[in-house]
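The following paragraphs trace a path through a predicted model, moving from a single residue to the helices around it.

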Amino acid sequence: MKGRRTRLILLLFIVGGSVVYWWWQGRLERSQDGPIHAAAQRYGVEPALIKAIVWRESRFHPRARGRAEEIGLMQLQEEAAREWAGAEHLMGFEHEHCFDPGTNTLAGTWYLRKLLRRYAQTDNPLPYALADYNAGRGNVLKWNHGAAATNSAAFIERIGFPGTRDYVKSVMRRYEHYRSVFLPDTR
């Protein structure tokens, strides 16, 4: 009888912990919807795509830091952030400003839009832009020869870094998920 009670208490603890975990994750995922919507509206990029990148890059933690000194929700490197600040004519910009979710999503979305436009001649610019976002333009130029120059499925298979290939595929899957659940802002 005592062993059965212990197992029941353990089971209730596990189930309760799981419920709290899923509730917290859902709350965290929605925590950055405001800045994501603002950036989407300003730069004409689907909010579901921005949210998918934020999910992959930082799991919605605005103070996230990467190994290559990228920071914030969209894990922006200083060069990309400064390019955005220059294009927007922002004086006194510092890379650390990208810890602010609004600033980070604006800069990251501007940069993403630039990458999507860079590969507009392809059948689907998204995989190219995501690979560029993750591994840089130089690597994309190594992978986009022959059919992979305009065929996104062929391009994905040619991506030379397994981590980048996984990045592209996971962001694209999450983007499709968010497209069905991340509704436009109706405020």
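Ser170 lies in helix H9, which spans residues 162-181. Its relative accessibility is 5%, and Ser170 therefore counts as buried, the cut-off for that class being under 20%. The side chain of Ser170 reaches the backbone oxygen of Tyr167 at a distance of 3.1 Å. When neighbours within four places in sequence are set aside, Ser170 is in contact with Trp55 and Arg56.

Trp55 and Arg56 both appear in the contact that H3 makes with H9, and Ser170 appears there on the side of H9. The axes of H3 and H9 are 8 Å apart, and the two helices pack at an angle of about 135°. That angle makes H3 oblique to H9. The crossing in which H3 passes H9 is right-handed. On the side of H3, the contributing residues also include Ala48, Leu49, Ala52 and Ile53, while H9 supplies, among others, Asp166, Tyr167, Val171 and Arg174. By class, the residues of this contact of H3 with H9 comprise nine nonpolar, two polar and six charged.

Helix H3 (residues 47-58) also packs with helix H2 (residues 33-43), their axes coming within 9 Å and crossing at roughly 130°. H2 and H3 are therefore oblique to each other, and H2 passes H3 in a right-handed crossing. From H2, the contact involves Asp33, Ile36, His37, Ala39 and Ala40, and from H3 it involves Pro47, Ile50, Lys51 and Val54. Six nonpolar, one polar and two charged residues make up this contact of H2 with H3. Lys51 of H3 takes part in the contact with H2 and is also listed in the contact with H9.

Terms used
Residues numbered from 1 in each chain as written. Predicted model: local features only at pLDDT ≥ 70, side-chain atom pairs only at ≥ 80, totals over all residues. Heavy atoms only, no water. Helix = DSSP H or I, 4+ residues; strand = E, 2+ residues; numbered from the N terminus. Buried < 20%, exposed > 50% of the residue type's maximum accessible area, 1.4 Å probe, protein only. Polar contact = N/O pair within 3.5 Å; in protein donor to acceptor, adjacent residues only side chain to side chain. Contact = heavy atoms within 4.5 Å. Axes fitted to C-alpha atoms, helices over the stretch in contact; angles between N-to-C directions. Parallel < 35°, antiparallel > 145°, perpendicular 65-115°, else oblique. Left-handed = near helix turned anticlockwise from the far one by under 90°. Nonpolar A, V, L, I, M, F, W, Y, C, P; charged D, E, K, R; others polar.
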